[in-house]
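Okay, thanks for coming, everyone. I'll put the structure up and then walk you through a couple of spots in it.

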Amino acid sequence: MKITVIGTGYVGLVAGTCFADTGNEVVCADLDEKKITSLNQGTIPIYEPGLSDMVKRNVKEERLLFTTDIKDAIERSEIIFIAVGTPSDEDGSADLKYVLAVARDIGTYMNGYKVVVDKSTVPIGTAEKVETEIKKHTDRKFAVVSNPEFLKEGAALDDFLRPDRVVIGAEDEQAIKIMCSLYQPFVRSGKPILVMDRRSAELTKYAANALLATKISFINDVANLCDVVGADIEMVRKGIGSDSRIGPRFIYPGTGYGGSCFPKDVQAIIKTAQDHGYNLDIIRSVENVNRRKKTILLNKILTYFDNTINGKTFAMWGLAFKPQTDDMREAPAIDMIRGLTDKGAKVQAHDPEALNEAARIFEKQVGRDLFLHERRYDSLEGADALIVMTEWNAFREPDFHLIKEMLHRPAIFDGRNLYNPKRLHDMNIDYFSIGRPSPNGLNGHSNGRITEKVIEKSVA
Ligand code: NAD
């Protein structure tokens, strides 16, 4: 089949490449000339494991090409995916300006029957809006389909090639047939293609992300309770995760969810409900818990340093919002860097893939109060304490003797519960994690007895 994907970001590039890999002829189009030039020169603008090799193979075999010529891209194919961004608008709703701009282009350049596929995450009713926009510019026949994407950055190829399910929201029989046959190679293991109406398909994506965010906020809230009552979230997590009705996945405590999807999609579903006069109480709480969670590790740091971090230096391991990606959109590390530097501290950060992204986001601070390091141990030089923000595998078994030697205090603030509290206690490293009591009674929580111990120790 001939396929055009408009929007060559994390989703569009992965989708286009995977469709090409199953033998289709694919054009990936984007307005961003720098991105397309770099792809045409064989450089992949994002970090996604395995993607670079797959792109190169399909380009070489002439099934995949990149262009900024949107008109030509639309004319070439019968199936056109819209995979542009849908960022949050000021009121929390999804901003559809990029999606509708593509719809206008499709209407303007349409040269025959097209199946137009909303791959972007879009609010309920967007398929109708896209249809209306296209109709303003053409009398030709077309169908608009909703086909939300469920891939995870860091495991995007596997998720796309072997999805748990494919959701197709469509009413047009011809479009349903085309979409089902396009996805057949990806569901050979028996996973379902779920055909439904377009509104249900659009809501399925938001409901899925809202439920996943709920799991994260739930476990984070229970972790806060563990801090207050002196229980261990890692034990509680295993205890509840062994129940087959609950399951072990997606209940890891941390510093709050981030990334390009959960924060904006949670906001958007709340706004959609509100626009229809309905209040999504649970999901509002999920968002509130997440907002609070982003400050909890910073509060532990402030408590430990007796609220005075002006002039202190912090090593930070991990900038990306999760491992195996360079994506820093809404990453908890951003709030942490701002929280520390606003109070006069200096940050020396390391991440295996996200340094360029950090340099872009913190352009004005780099070299002033933020220093970026290619090697993780270099970031410890002259630092008072180490903060772990992302659970990259390379951070799991570091040389604690070297860390202890290099840090002034030495203290580790672990936002991902990577280390064994007893092991660090035995090495005389002060260790703070999420929802786990430390063997020396430290947990840095800002309530109650435990805090007093922290303060006593800081003063001593
Ligand atoms: P992205 O920002 O990485 O990429 C979007 C691309 O669209 C950019 O390269 C931009 O230049 C291009 N673009 C914008 N307007 C255009 C236009 N008029 N014509 C051509 N190109 C245009 O975004 P992303 O992370 O790939 O997300 C895309 C959509 O997929 C969003 O709705 C997102 O919510 C959804 N989604 C993302 C993920 C994820 O993990 N990133 C997963 C599932 C769904």
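**The ligand and a look at H9**

So, Thr 121 to begin with: one of its backbone N or O atoms lies 2.9 Å from an oxygen atom of the ligand. Keep in mind that this is a predicted model.

Staying with the ligand, there's also Leu 31, where a backbone N or O atom sits 3.5 Å from a ligand nitrogen. And on Ser 260, an N or O atom of the side chain is 3.4 Å from a nitrogen atom of the ligand. On its own the ligand has 840 Å² of accessible area, and the protein covers 89% of that. How many residues surround the ligand? It's 27, and the closest are Asp 30, Lys 35, Thr 86, Glu 153 and Lys 264. Helix H1, residues 10-21, and helix H5, residues 97-109, each put at least two residues into that shell.

Okay, over to helix H9, which spans residues 198-229. Glu 202 lies in that helix. Glu 202 is buried, yet it has no salt bridge. The cut-off there is 4 Å, and the nearest side chain of opposite charge, Arg 199, is 5.6 Å away. So what does the Glu 202 side chain have 2.7 Å from one of its polar atoms? That's the backbone nitrogen of Gly 125. Beyond its sequence neighbours within four places, Glu 202 is in contact with several residues, including Asp 118, Val 122, Thr 126 and Ser 146.

Also in H9 is Asn 209. Buried or exposed? Buried, because its relative accessible area is 5%. Leaving out residues up to four places away in sequence, Asn 209 touches Cys 261, Phe 262 and Asp 265.

How values were computed:
Residues are numbered from 1 along each chain as its sequence is written. This is a predicted model: local features need pLDDT of at least 70, side-chain atom pairs count only at pLDDT 80 or more; totals for chains, interfaces and linings use all residues. Side-chain values use heavy atoms; hydrogens and water are left out. Helices (H or I, at least four residues) and strands (E, at least two) are DSSP runs, numbered from the N terminus. Buried means under 20% relative accessible area, exposed over 50%, partly exposed in between (1.4 Å probe, protein chains only). Contact means heavy atoms within 4.5 Å. Lys and Arg count as positive and Asp and Glu as negative; His and the chain ends are not counted. A polar contact is a pair of N or O atoms within 3.5 Å; within protein, one must be able to donate a hydrogen and the other to accept it, and residues adjacent in sequence count only if both atoms are side-chain atoms. A residue is near a molecule or strand if one of its heavy atoms lies within 4 Å of it. Accessible areas come from the Shrake-Rupley method with a 1.4 Å probe; for residues, only the protein chains shown count as cover.
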